[in-house]
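I opened a fresh page for this one. My plan is to go through the strands, then the cysteines, then the charged pairs.

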Amino acid sequence: QVQLVESGGGLVQAGGSLRLSCAASGRISNIYAMGWYRQGSGKKRNLVAAINSSGRPNYDDSVKGRFTISRDVAKNTVYLQMNSLKPEDTAVYYCNALLQNGRDYDDYWGQGTQVTVSS
């Protein structure tokens, strides 16, 4: 089991910045990758950015050049720095951890944090 606690959401004007944090606890040694997903109103939950155990990041095309995912291994925390925010970035952002379970992987989710970008 892994527990994920998110923080850092809020209301910001277009062009502004926010930083999300996700602290992991529990079976963190089994974490293969961590990432951020978002779900807008009436929309599917989609991957925004992820970082694997080797530190390699992966981004959705819509946020490349604006968002940066990073991790602090000592604090078991993953961050999402969001710059040049747009109204279309408005969504609930969920932290995700992918745990290796033998040959399979298990998903764990945080409770979600609201990000609202006003125009």
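Which residue in strand 3 is the bridge partner of V2? I looked it up and found G26. A reminder to myself before going on: this is a predicted model.

**Entry 1, the open sheet**

I followed that pair outwards. Strand 1 and strand 3, the latter covering residues 18–26, run antiparallel and share six bridges. They belong to an open sheet of four strands, and I noted its order as 1-3-8-7, with antiparallel pairing. Strand 1 (2–7) and strand 7 (67–72) are at the edges with a single partner strand each, so one side of each has no neighbour in the sheet. I also checked the twist: neighbouring strands here are turned by 20° against each other on average, ignoring direction.

**Entry 2, the cysteines**

Next I asked how many disulfides there are, and the count is one. C22 and C95 form it, with their sulfur atoms 2.0 Å apart. The pair links distant parts of the chain, since C22 sits in strand 3 and C95 in strand 9 (residues 91–101), 73 residues apart. I then looked at the handedness: the torsion about the S-S bond is about -85°, so this disulfide is left-handed. Are the two cysteines buried or exposed? Both C22 and C95 turn out to be buried.

**Entry 3, around strand 9**

C95 had brought me to strand 9, so I listed its partners there. Strand 4 (residues 31–39) runs antiparallel to strand 9, and eight bridges join them. One example I wrote down is Q39, whose bridge partner in strand 9 is V92. V92 also has a bridge partner in strand 11, namely Q114. Strand 11 covers residues 113–118 and pairs with strand 9 in the antiparallel sense over three bridges.

Then there is strand 10 (residues 104–109), joined to strand 9 by six bridges and also antiparallel to strand 9. Within that pairing, L98 stands opposite D107 of strand 10. What lies between strand 9 and strand 10? I found two residues, which makes the pair a hairpin, and G102 in the turn has a positive phi of about 65°.

**Entry 4, the charged pairs**

I moved on to side chains. Opposite charges can pair when the charged atoms come close. A search of the whole structure gave me three salt bridges.

I took D89 and R38 to begin with: their closest N and O atoms are 2.9 Å apart. D89 is in the loop between strand 8 (77–82) and strand 9, while R38 is in strand 4, 51 residues apart from D89. Both of these residues are buried.

D89 turned up again with R66, in a salt bridge of 2.7 Å from N to O. R66 lies in the loop between strand 6 (57–59) and strand 7, and D89 in the loop between strand 8 and strand 9, so the pair ties together parts 23 residues apart in sequence. I checked accessibility as well: D89 has 1% and counts as buried, and R66, at 11%, counts as buried too. I drew R38, R66 and D89 as a linked network of salt bridges.

K64 and D61 form another salt bridge, 3.0 Å from N to O. How accessible is K64? At 49% relative accessibility, K64 counts as partly exposed. D61 has a relative accessible area of 61% and is exposed.

Conventions
Residues are numbered from 1 along each chain as its sequence is written. This is a predicted model: local features need pLDDT of at least 70, side-chain atom pairs count only at pLDDT 80 or more; totals for chains, interfaces and linings use all residues. Side-chain values use heavy atoms; hydrogens and water are left out. Two strands pair if DSSP finds at least two bridges between them. Axes are lines fitted to C-alpha atoms, for helices over the stretch in contact, and angles run from 0 to 180 degrees between N-to-C directions. A disulfide is a pair of cysteine sulfur atoms within 2.5 Å. Buried means under 20% relative accessible area, exposed over 50%, partly exposed in between (1.4 Å probe, protein chains only). A salt bridge is a side-chain nitrogen of Lys or Arg within 4 Å of a carboxyl oxygen of Asp or Glu.
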